[in-house]
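Reader: I should like a close look at one part of this model, namely its charged side-chain pairs, together with the helices and strands that surround them. Please set out where each partner lies, how accessible it is, and how the neighbouring elements are arranged.

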Amino acid sequence: MEDRNVTEFVLLGLTSNPRTQGLLFALFLVTYLLTLMGNLLMLLVISWDDHLHTPMYFFLRQLSFIDAFYSSVIVPKLLRNLISEWKTISFLECFIQIALVLFSGATEACLLSAMAYDRFQAVCHPLMYVVTMNERVCSGLVIMSWVLGISASLVNTFLLSQEHFCGPNFICSFACEVPPVLLLVCSDPHTTVVSILTTMVILGLGTLVLLLGSYSRIITTALGINSAKGRSKIFSSCSSHFLVVTIFYGSGVSRYMTPASGSTLELVLSLQYSVVTPLLNPLIYSLRNKDVKAALRRMLTRRSRLTL
């Protein structure tokens, strides 16, 4: 085979059946619109209601932005490919998508850890909570999350882009992500693989350890409270976040920590953390959170009064 440089990739997508593609287009379009509406509504409610100007909701606002951004990186291209005869993506566009996916995933992992730390301080050290989680600390944690996300994205994307791609150029996925693109490398990807695994250990397993540590302390503290009402309040305030963490790490870390093979399970995992999770997060935090539901009612009531 003639050695050549790949200038574009072909996204094989989810299916080649035209009827199934039409159904998936409608499904993912509705999902994407609901994702944007849900996360933008969370941003609006948290910004508008003074009762939600607390560290917990400060982090949740950042998470809602990242979820809306993450979904916008993946779904528009997915929708276009479902109705397009040509499913190609240029080399540059592919690596821009990889960079944005890595940034979104790494930043979200850091934000989830910051949110777990916030809950740990609120439950285990309530008297010092206001001092510990002041505005400067919260802003610092968010800035650190963004810096780590950007750094991980730039380093890993740059290293992967420097590899030699000589063909074939078929990506067994609906988006450009590290695992399926790494399968197409013709050169020795040792440095890139080491960098990706290091990133996963530090930002993936590292943040997971922080999460598990925070929640083990929270559970221990909750079980030590004699009041059933007090225990219920603690578990209620933390259950939404724990559910989001389980969904995110269950799919995302599994996808990046296992060797890529182009299997159906890998496509399902990719859909889970890139399409489904950004939709579920605002639903989980709004439906299971009394404060958010109360703030939403206040906002709607005030708007209806102004309209009248």
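**Charged pairs and their surroundings**

Author: Lys-77 has a relative accessible area of 8% and therefore counts as buried, the limit being under 20%. The model is a predicted one. The partner of Lys-77 is Glu-93: their side chains form a salt bridge with an N to O distance of 3.9 Å. This contact joins distant parts of the chain, since Lys-77 belongs to helix H2 and Glu-93 to helix H3, with their positions 16 residues apart in sequence. Glu-93 itself is partly exposed, at 34% relative accessible area, whereas Lys-77 is buried. The general principle is brief: side chains of opposite charge can pair when their charged atoms come close.

The two helices that carry this pair also pack on each other. The axes of H2 and H3 are 9 Å apart and make an angle of about 160°. H2 is therefore roughly antiparallel to H3, because an angle over 145 degrees falls in that class. The crossing of H2 and H3 is left-handed.

How many salt bridges does the structure hold? The total is three. A second one brings together the side chains of Arg-298 and Asp-49, at 2.9 Å from N to O. Its partners come from distant parts of the chain, 249 residues apart: Arg-298 lies in helix H10 (residues 290-307), and Asp-49 in the loop between helix H1 (18-48) and helix H2 (55-83). H2 is thus the element that follows the loop of Asp-49, and H2 also carries Lys-77. Asp-49 is buried, with a relative accessible area of 2%, while Arg-298 is partly exposed, at 33%.

A third pair consists of sequence neighbours. Arg-119 and Asp-118 form a salt bridge in which the closest N and O atoms are 2.9 Å apart. Both Arg-119 and Asp-118 are buried.

Another arginine of H10 may be set beside Arg-298. Arg-302 also lies in helix H10, and its relative accessible area of 49% makes it partly exposed. Arg-302 and Thr-157 are separated by 145 residues in sequence, and their C-alpha atoms are 47 Å apart.

Helix H3, which holds Glu-93, has further partners in a sheet. Three strands make up this open sheet, in the order S2-S1-S3 and with mixed pairing. S2 (88-90) and S3 (170-171) are the edge strands; each has a single partner strand, so one side of each has no neighbour in the sheet. H3 (residues 91-124) packs on this sheet and touches S1, S2 and S3, its direction making about 85° with that of S2. Three bridges join S2 to S1 (residues 8-11) in the antiparallel sense. Within that pairing, Phe-9 stands opposite Ile-89 in S2.

H3 also contributes Cys-110. With a relative accessible area of 9%, Cys-110 is classed as buried. Which residues does Cys-110 contact, leaving aside neighbours within four places in sequence? They are Ser-145, Leu-148, Leu-203 and Thr-207. Cys-110 and Leu-203 are 93 residues apart in sequence, yet their C-alpha atoms are 7.2 Å apart in space.

Two of these contacts, Leu-148 and Leu-203, recur where two other helices meet. In that interface Leu-148, Ala-152, Val-155, Asn-156, Leu-159 and Leu-160 in H5 meet Thr-191, Thr-192, Ser-195, Ile-196, Thr-199 and Leu-203 in H7. Helix H5 (residues 135-161) packs against helix H7 (residues 190-223) at an angle of about 165°, and their axes are 9 Å apart. H5 is accordingly roughly antiparallel to H7. As with the other helix pair described above, the crossing of H5 and H7 is left-handed.

H7 holds one further residue to be noted, Ser-214. Its relative accessible area is 10%, so Ser-214 is buried. Residues up to four places away in sequence being left out, Ser-214 touches Ala-116, Tyr-117 and Phe-120.

Notes: Residues numbered from 1 in each chain as written. Predicted model: local features only at pLDDT ≥ 70, side-chain atom pairs only at ≥ 80, totals over all residues. Heavy atoms only, no water. Pairing = 2+ DSSP bridges. Helix = DSSP H or I, 4+ residues; strand = E, 2+ residues; numbered from the N terminus. Contact = heavy atoms within 4.5 Å. Axes fitted to C-alpha atoms, helices over the stretch in contact; angles between N-to-C directions. Salt bridge = Lys/Arg side-chain N within 4 Å of Asp/Glu carboxyl O. Buried < 20%, exposed > 50% of the residue type's maximum accessible area, 1.4 Å probe, protein only. Parallel < 35°, antiparallel > 145°, perpendicular 65-115°, else oblique. Left-handed = near helix turned anticlockwise from the far one by under 90°.
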